[in-house]
Amino acid sequence: MTLLCAVALAVGVAGVLVPVLPGLVLCWAGVLVWALFGGAGWGGWVVLTAATVIALLATAVKYAWPGRNLKRTGVPTRSLVAGGLLGFVGFFVVPVVGLIGGFVLGLWLAERARLGNSAAAWPSTRAALKAVGLAMAIELTAALSIAVVWVIGLLAT
């Protein structure tokens, strides 16, 4: 059971970096399964509580902080949706790499259409990419924190 949970945590951390898998959810679910079936006793519930708090806080911060930065720069939601849609298509055209390339291209095309020229589209595209990078960094930090809390709990129980 412990090995299965370790695999779920590793895949969850990788899922943050490859935005196809629900990374944070997998990390939390790995800890949940370990707490329920790993025989850790009350220590498992303490670790699960800590993992839940980390996951919830990270999720709130992941949407609030980058979103505030995007609103400040004026990038509209429809540009992000366009990037997401082209990223989805790109994922199937060129697996994994196409997701990122399609997102950037879709975002830039939407901003170019909105602002009228290529030069004006790049600053807002960069701002959106920084926001996405910040959200990924927050989620990666949370996933790694959950993994560390789990390892500490595993060693302590």
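Start by selecting Thr 52, which lies in helix α3. The model on your screen is a predicted one. Is Thr 52 buried, partly exposed or exposed? Thr 52 has a relative accessible area of 24%, so Thr 52 is partly exposed. The cut-off for buried is under 20%. Now add Val 33 to the selection. Thr 52 and Val 33 are 19 residues apart in sequence. In space, their C-alpha atoms are 13 Å apart.

**Along helix α3**

Stay in the same region and pick Lys 62. Lys 62 also has its place in helix α3. Its relative accessibility is 16%, and therefore Lys 62 counts as buried. What does Lys 62 touch, leaving aside neighbours within four places in sequence? Show Ala 135, Ile 138 and Glu 139: Lys 62 is in contact with these residues.

**Helix α3 against helix α6**

Next, select residues 42-73, which form helix α3. Add residues 118-156 for helix α6. How are two packed helices described? The angle between their axes and the distance between the axes do that job. Here α3 and α6 pack at an angle of about 170 degrees. Their axes are 9 Å apart. Angles over 145 degrees count as roughly antiparallel, and α3 and α6 are therefore roughly antiparallel to each other. Colour the contact by residue class. You should find 20 nonpolar residues, four polar and two charged in the contact of α3 with α6.

**Two stops on helix α6**

Go to Lys 130, found in helix α6. Is Lys 130 buried or exposed? Lys 130 is exposed, because its relative accessible area is 64%. The cut-off for exposed is over 50%. For a distance check, click on Val 53 too. Lys 130 and Val 53 sit 77 residues apart in sequence, and 26 Å apart in space from C-alpha to C-alpha.

Then move to Ala 137, also in helix α6. At 38% relative accessibility, Ala 137 counts as partly exposed. Add Leu 17 for another distance. Along the chain, Ala 137 and Leu 17 are 120 residues apart. Their C-alpha atoms are separated by 9.1 Å.

**Helix α1 against helix α6**

Keep helix α6 selected and add residues 2-17, helix α1. The two helices pack at an angle of about 165 degrees, with 8 Å between their axes. That angle makes α1 roughly antiparallel to α6. The crossing of α1 and α6 is left-handed.

Which residues of α1 and α6 meet? On the α1 side, show Thr 2, Cys 5, Ala 6, Leu 9, Val 13, Val 16 and Leu 17. On the α6 side, show Met 136, Glu 139, Leu 140, Ala 143, Leu 144, Ile 146, Ala 147, Trp 150 and Leu 154. By class, the contact of α1 with α6 has 14 nonpolar residues, one polar and one charged. Glu 139 is a residue to revisit: it takes part here, and Lys 62 contacts it as well.

**Zoom out**

Clear the selection and view the protein as a whole. How many helices and strands does the protein have? There are six helices and zero strands. Along the sequence, the pattern reads α-α-α-α-α-α. The C-alpha atoms fill a box of roughly 60 × 35 × 15 Å along the principal axes.

Now turn on the surface. The protein exposes about 8,700 Å², and carbon and sulfur atoms supply 78% of that area. Buried residues make up 35% of the 157 residues. Last, look at contacts between residues at least 6 apart in sequence. Of these, 60% join residues at least 24 apart.

Methods:
Residues numbered from 1 in each chain as written. Predicted model: local features only at pLDDT ≥ 70, side-chain atom pairs only at ≥ 80, totals over all residues. Heavy atoms only, no water. Axes fitted to C-alpha atoms, helices over the stretch in contact; angles between N-to-C directions. Helix = DSSP H or I, 4+ residues; strand = E, 2+ residues; numbered from the N terminus. Parallel < 35°, antiparallel > 145°, perpendicular 65-115°, else oblique. Left-handed = near helix turned anticlockwise from the far one by under 90°. Contact = heavy atoms within 4.5 Å. Nonpolar A, V, L, I, M, F, W, Y, C, P; charged D, E, K, R; others polar. Buried < 20%, exposed > 50% of the residue type's maximum accessible area, 1.4 Å probe, protein only. Areas by Shrake-Rupley, 256 points an atom, 1.4 Å probe, with all protein chains shown as cover.
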